[in-house]
Amino acid sequence: MQQLTEIRWHARAGQGAVTAAKVVAETALSADQYMQAMPEYGPERMGAPIKAFTRISDQPIDIHCNIENPSVVIVLDDTLLDVIDVTEGIVADGVVILNTCTPPEQVKQRLGLPESVKVACVDASGIALDTIKRDIPNTPIVGAFAKVTGLIDLDIFKGLLAKNLSKKFGQEMIDANFAAVDRAHEEVTVA
Amino acid sequence: MAEVKTVATTGNLVVAEAMRQCKPDVVAAYPITPQTTIVEEYAKFVAQGRVHTEYVTVESEHSAMSACIGASAAGARVMTATASQGLALMWEELHIASGMRLPIVMANANRALSAPINIHCDHGDAMGARDTGWVILFAETAQEAYDNTIICLKVAEDPEVLLPAMTCLDGFITTHSIDRIELFDDETVADFVGEYEPANALLDTDSPVSHGCFAGLGGPFFEFKKAQRLAIDRSKGVVERVGAAFSELSGRPFGLVESDMMDDADLAIVVIGSTAGNARHVAKEMRAQGVKAGVVKVRCFRPFPQAELVAALKDAKAVAVLDRAESFGAEGGPLYLETRSALYDLETRMPVVNYIYGLGGSDVRLELIRQVYSDLSDIVSGSASPSGLVYLGAR
């Protein structure tokens with residue numbers, strides 16, 4: 001069977017999950033991997049819960065359906081824990097990465113996860129407010145994702161992020177995003 | 001030598017890219033989900049001055065196809081794109097395009113038809129157009145959507161064919177997912193499709209012709225239709241030839257029907273579009289467990305590749321046909337009806353069963369495909385009889 005990593009993103013519309021999923025996919029391509037990134041399209045409005053999916057593999061990917069058994073779950077808004085079972089179907093040695101101020105031990109207990117599932121927490125919103133000056137936690141969370149999973153090369157990601165941002169923003173915004181990614185990479189804690 | 005660029009982008013954006021590389025003289029289109037980003041991207045090419053195309057913004061799909069017909073009859077290379085209700089609104093024009101033998105190429109982002117309203121994938125729109133005289137290709141992936149679009153243009157414009165062609169891709173699943181795709185350089189595509197030399201251009205004043213004229217009682221209507229039938233029958237060889245030439249360039253396979261693990265397969269799934277990938281994934285799992293499972297993907301639906309399908313399926317012990325479209329009141333879905341009919345001449349006919357799946361974007365979980373193979377296995381072992389039509393995974 002092919003070596004396939006399946007990532008599920010949970011966020012609220014407007015938090016940039018789709019953009020993050022896209023840049024992660026581009027990063028994987030730059031490392032000559034195969035990938036898919038697809039948002040679950042629905043009648044979206046700002047703040048509504050959304051899902052997005054990313055697949056990364058060394059081999060061409062055949063599957064075209066939603067991800068039910070993710071090995072990585074990324075949650076961009078911890079208030080979603082009250083409304084959605086974000087860890088539904090997660091594999092036994094999976095990892096959950098959350099944007100939250102709560103320590104990972106507490107989150108793990110609250111979600112009732114087995115010891116084998118890793119929980120990684122980072123205050124991506126706080127970092128984004130400090131650096132980017134807006135609550136856009138999508139880029140910092142990728143810094144944490146790169147550290148915890150080792151699935152993507154952070155330098156390649158930052159290069160592509162700069163390329164994407166430069167279409168709409170100046171160097172100041174690119175630098176602020178780089179600072180956010182680096183801080184989250186540094187500050188993420190795991191239980 | 002063809003240059004190749006590997007990109008991470010969506011099915012719709014590479015269809016727009018293929019259109020740009022085919023250099024159409026006219027694109028007349030109306031936006032509709034999930035096709036919108038194709039025509040949006042194309043409009044951007046026009047605004048940037050990257051194409052010479054006359055881009056006609058119209059007030060409906062009926063007008064879009066009407067404008068395409070007018071432009072094509074005038075002698076232009078014409079392309080467009082639509083989906084679902086848009087394709088349905090074009091219905092009468094679809095017949096006119098094929099009856100006037102106009103090689104228009106249209107992308108269709110497969111989407112369910114209302115009601116109830118739904119923006120997600122099924123093949124009901126394209127299947128509704130199966131008898132309109134268009135060549136119809138379906139893509140499994142964004143890569144195939146790019147490839148098929150270029151292939152469609154060369155097939156449509158072939159002097160042996162001169163028929164419109166539809167290049168279909170699964171709504172959202174293929175249109176909006178980001179995938180790894182190889183694109184040719186512009187020159188390679190331009191050389192492959194060649195310059196268009198219209199056969200009967202209205203604007204060719206040196207040899208005046210009429211198009212779409214009256215052919216009523218006692219007129220040649222019947223013979224026109226026979227000529228159309230002969231043309232779409234001939235198009236089969238042309239699709240094969242053009243596909244093979246494209247395959248030579250790309251290194252990617254092209255078949256009217258594409259088989260996986262069918263050489264010694266007992267259990268076969270016949271399927272169209274992105275679900276072929278899901279079926280292949282599960283068939284590999286089955287193989288790992290010692291079950292001889294295989295997949296037959298129908299890439300070209302019109303002309304229907306009857307002989308190729310029979311050749312792929314003849315040794316299977318049981319066949320499941322998966323339809324992402326209904327043919328209400330018929331024995332089963334459109335692909336099932338034609339597959340079953342194709343197998344009629346076999347000396348020993350195997351059981352053939354039908355599943356309707358994935359309507360309105362209903363997720364095609366791998367579990368559902370496993371269920372199909374399991375049902376086939378039960379039929380072969382004699383522990384179950386072939387069932388009637390099954391709505392796969394419906395609550």
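Tutor: A salt bridge is a pair in which a side-chain nitrogen of Lys or Arg lies within 4 Å of a carboxyl oxygen of Asp or Glu. The model in front of us is a predicted one, and in it D62(A), E140(B), E144(B), E258(B), D260(B), R280(B), K284(B), K297(B) and R299(B) are linked in a network of such bridges.

Student: What makes the pair D62(A) and K284(B) a salt bridge?

Tutor: The N to O distance between the side chains of D62(A) and K284(B) is 3.1 Å. A Lys nitrogen has to come within 4 Å of a carboxyl oxygen of Asp or Glu, so the pair, at 3.1 Å, meets the rule.

Student: How do you know which parts of the structure this pair joins?

Tutor: D62(A) is in the loop between β3 (49-57) and β4 (72-75) of chain A, whereas K284(B) is in helix α10 (residues 275-288) of chain B, and therefore the pair joins two chains.

Student: Why is D62(A) called buried or exposed, and what is K284(B) called?

Tutor: Buried means under 20% relative accessible area, and exposed means over 50%. D62(A) has 9%, so it is called buried. K284(B) has 35%, which is in between, and therefore it is called partly exposed.

Student: What makes R180(B) and D32(A) a salt bridge, and where are the two residues?

Tutor: Their side chains meet at 3.1 Å, N to O, and this is within the 4 Å that the rule allows for an Arg nitrogen and an Asp oxygen. The pair crosses between chains, with R180(B) in strand β8 of chain B and D32(A) in the loop between α1 and β2 of chain A. R180(B) has a relative accessible area of 17%, so it falls under the 20% limit and counts as buried. D32(A) has 54%, which is over 50%, and therefore counts as exposed.

Student: Why is the pair E68(A) and R365(B) called a salt bridge?

Tutor: Here the N to O distance is 4.0 Å, and since the rule reads within 4 Å, the pair is accepted. Across the interface of chain A and chain B the rule finds 4 salt bridges, and a search of the whole structure, over all chains, finds 38.

Student: What makes E285(B) and R370(B) a salt bridge, and which parts does the pair tie together?

Tutor: The side chains of E285(B) and R370(B) meet at 2.8 Å, N to O, which is within the 4 Å of the rule. E285(B) is in helix α10 of chain B and R370(B) in helix α13 (residues 366-381) of chain B, so this bridge ties together parts that are 85 residues apart in sequence. At 15%, E285(B) is under 20% and therefore buried, while R370(B), at 26%, is partly exposed.

Student: Why is N148(B) called buried or exposed, and where is it placed?

Tutor: N148(B) belongs to helix α7 (residues 142-156) of chain B. Its relative accessibility is 0%, and because this is under 20%, N148(B) counts as buried.

Student: What makes the pair N148(B) and R299(B) a polar contact?

Tutor: The two side chains are joined at 2.9 Å, and a polar contact needs a suitable pair of N or O atoms within 3.5 Å, so the distance satisfies the rule. Leaving aside neighbours within four places in sequence, N148(B) is in contact with several residues, among them L137(B), F138(B) and T167(B).

Student: How do you know that β2(A) and β8(B) pair?

Tutor: Two strands pair if there are at least two bridges between them. β2(A) and strand β8 (residues 178-184) of chain B are joined by 2 bridges, so they pair, and they run antiparallel. A37(A) stands opposite I178(B) in β8(B).

Student: What makes β7 of chain A and β1 of chain B edge strands, and what is the order of the sheet?

Tutor: The open sheet of 9 strands has the order β7(A)-β6(A)-β5(A)-β4(A)-β1(A)-β3(A)-β2(A)-β8(B)-β1(B), with mixed pairing. β7 (189-190) of chain A and β1 (4-10) of chain B each pair on one side only, and they are its edge strands.

How values were computed. Residues are numbered from 1 along each chain as its sequence is written. Chains are lettered from A and ligands numbered from 1 in the order in which they are written. This is a predicted model: local features need pLDDT of at least 70, side-chain atom pairs count only at pLDDT 80 or more; totals for chains, interfaces and linings use all residues. Side-chain values use heavy atoms; hydrogens and water are left out. Helices (H or I, at least four residues) and strands (E, at least two) are DSSP runs, numbered from the N terminus. Buried means under 20% relative accessible area, exposed over 50%, partly exposed in between (1.4 Å probe, protein chains only). A polar contact is a pair of N or O atoms within 3.5 Å; within protein, one must be able to donate a hydrogen and the other to accept it, and residues adjacent in sequence count only if both atoms are side-chain atoms. Contact means heavy atoms within 4.5 Å.
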